[in-house]
Amino acid sequence: MSPHSDSSPAHGHGHGHGHGQADAHAPGHGSGHHSAELDWDVMATQLENGAELQLPGLRRTAAHLGELLGPSAEVRRILDIGSGPGVMTCVLAEAFAGAETVAVDATPGLLDRTLARAEKLGLGDRVAVRHAQLPEGLGSGVGPGGEGLGTADLIWSSKTVHHLGDQQSALDALAGVLRPGGVLAVAEGGLPMRFLPRDIGIGRPGLQARLDAVHEHWFSVMRAELPGSTPVVEDWPAMLGRAGLSRVGSFTYLLDLPAPLGGTARAFLHTQLTRLREAASDMLDADDLDTLDVLLDPEAQHGILSRPDAFLLSATTVFTGVREASDG
């Protein structure tokens with residue numbers, strides 16, 4: 001699976017999960033379908049556009065991770081787990097010039113995009129890719145599927161762990177790949193994206209709240225259908241602590257694009273709403289479905305591609321933990 005750079009603005013679940021940094025997380029073709037059934041190759045442009053909208057926040061995040069590692073840390077190898085099209089992979093490669101940065105994903109087309117992006121940015125000699133199914137591919141040793149991930153000084157994973165049935169086991173495996181003194185950072189929190197006023201002049205006010213409910217239902221079904229799905233209280237600091245990490249903490253970065261939006265952001269929203277419209281046909285009333293149809297109409301004055309009041313606001317929380325040197 002290739003949940004990632006589900007680090008973006010997207011319609012986040014409750015505490016803001018999405019697909020990688022692009023957070024292009026939304027129901028697919030029906031609320032009962034989990035991410036393994038989505039075509040991430042088709043979604044690649046959406047994922048990349050969403051992540052690029054968040055580039056300032058992603059760069060601040062990379063700088064903060066450098067501060068957590070400390071000025072004397074030797075960062076030789078970085079893993080981006082569930083890397084998607086590699087936007088954050090390249091941000092990390094730029095921020096840590098002495099490191100090899102490895103994008104790990106299960107979708108070859110997204111890994112190809114990562115390599116192309118790295119080459120375009122002059123990072124081709126320091127960015128590598130690893131095709132791996134998750135969670136089977138987690139771990140540093142050699143398993144039945146071939147070579148493991150190897151060890152790393154920094155591991156980044158955005159909107160990926162929640163796509164794995166046993167989230168605690170996934171964190172345990174990632175923590176086990178860290179070198180002594182290394183940092184694990186998982187973007188799995190925040191707030192759902194907001195993009196329209198409460199009253200948009202068509203339909204009943206409060207449409208976004210009802211779309212949140214659709215997404216919440218979809219997410220719950222998706223989690224329940226994952227192989228090995230294991231209920232857990234999603235207290236990420238506690239989960240990182242149980243994985244054996246210390247100095248657990250968190251920080252949050254904002255995506256704040258005020259109205260009126262530019263073309264890339266509007267196109268991103270149009271795709272998000274299209275996917276929600278496909279999933280919501282049996283969960284919203286006729287009035288809300290009609291409102292969505294107007295928002296999606298490229299010729300409509302009140303459509304998302306034209307209206308002057310559309311904006312993008314979301315918060316992504318990153319949880320971090322350190323593997324103490326004494327553990328190694």
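In what sense do strand 6 and strand 7 pair, and over how many bridges? They pair in the antiparallel sense, over 10 bridges, and the views below start from the sheet that holds them. The model is predicted, with local features needing pLDDT of at least 70 and side-chain atom pairs counting only at pLDDT 80 or more, while totals for chains, interfaces and linings use all residues. Residues are numbered from 1 along each chain as its sequence is written, and side-chain values use heavy atoms, with hydrogens and water left out.

**View 1. An open sheet of 7 strands.** The strand order is 3-2-1-4-5-7-6, and the pairing is mixed. Strands here are DSSP runs of E with at least two residues, helices are runs of H or I with at least four residues, and both are numbered from the N terminus. Two strands pair if DSSP finds at least two bridges between them. At the edges are strand 3 (127–131) and strand 6 (246–257), each pairing on one side only. From one strand to the next, the twist averages 20 degrees. As background, strands of a sheet pair through backbone hydrogen bonds, either parallel or antiparallel.

**View 2. Strand 7 with strand 5 and strand 6 as its partners.** Strand 5 and strand 7 run antiparallel and are joined by 9 bridges. Look for Arg-194, which stands opposite Leu-313 in strand 7. On the strand 6 side, Gly-249 has Thr-320 of strand 7 as its bridge partner. Strand 7 (residues 312–322) is largely enclosed by the rest of the structure, because 10 of its 11 residues are buried. Buried means under 20% relative accessible area, exposed means over 50%, and partly exposed lies in between (1.4 Å probe, protein chains only).

**View 3. Strand 4 between strand 1 and strand 5.** Strand 4 pairs in the parallel sense with strand 1 over 4 bridges and with strand 5, also in the parallel sense, over 6 bridges. Ile-155 is a handy landmark: Leu-79 stands opposite Ile-155, and Leu-184 is the bridge partner of Ile-155 in strand 5. Elsewhere along this pairing, Ala-152 stands opposite Leu-178 in strand 5. Strand 4 is mostly covered, with 7 of its 7 residues buried.

**View 4. The largest nonpolar core, with 26 residues.** A nonpolar core is a set of buried Ala, Val, Leu, Ile, Met, Phe, Trp, Tyr and Cys residues joined through side-chain atoms within 4.5 Å. Leu-79, Ile-81, Leu-138, Ile-155, Leu-171 and Leu-184 touch the most other members. Strand 1 (77–81), strand 2 (100–105), strand 4 (152–158), helix 5, strand 5 (178–194) and helix 7 (236–242) each supply at least two residues of this core. Helix 5 gives the most, with 5 residues. A second, separate core of 25 residues includes Ile-200, Ile-202, Leu-296 and Ile-304. Leaving out residues up to four places away in sequence, the contacts of Ile-155 include Leu-79, Ile-81, Leu-174 and Val-177. Contact means heavy atoms within 4.5 Å.

**View 5. Gln-167 in helix 5 (residues 167–177).** Gln-167 counts as buried because its relative accessibility is 1%. Around Gln-167 you will find Val-161, His-162, Arg-223, Val-232, Glu-234, Trp-236 and Met-239, all touching it, not counting residues up to four places away in sequence.

**View 6. Helix 1 packed with helix 4.** Helix 1 (residues 44–53) and helix 4 (residues 108–120) meet at an angle of about 45 degrees, and their axes are 11 Å apart. That makes helix 1 oblique to helix 4. Axes are lines fitted to C-alpha atoms, for helices over the stretch in contact, and angles run from 0 to 180 degrees between N-to-C directions. Angles under 35 degrees count as roughly parallel, over 145 as roughly antiparallel, 65 to 115 as roughly perpendicular and the rest as oblique. Ala-44, Thr-45, Leu-47, Glu-48 and Glu-52 of helix 1 make the contact with Leu-110, Arg-113 and Arg-117 of helix 4.

**View 7. Gly-244 in the loop between helix 7 and strand 6.** Gly-244 is partly exposed, with a relative accessible area of 42%. Gly-244 and Ala-175 are 69 residues apart in sequence, and their C-alpha atoms are 7.2 Å apart in space.
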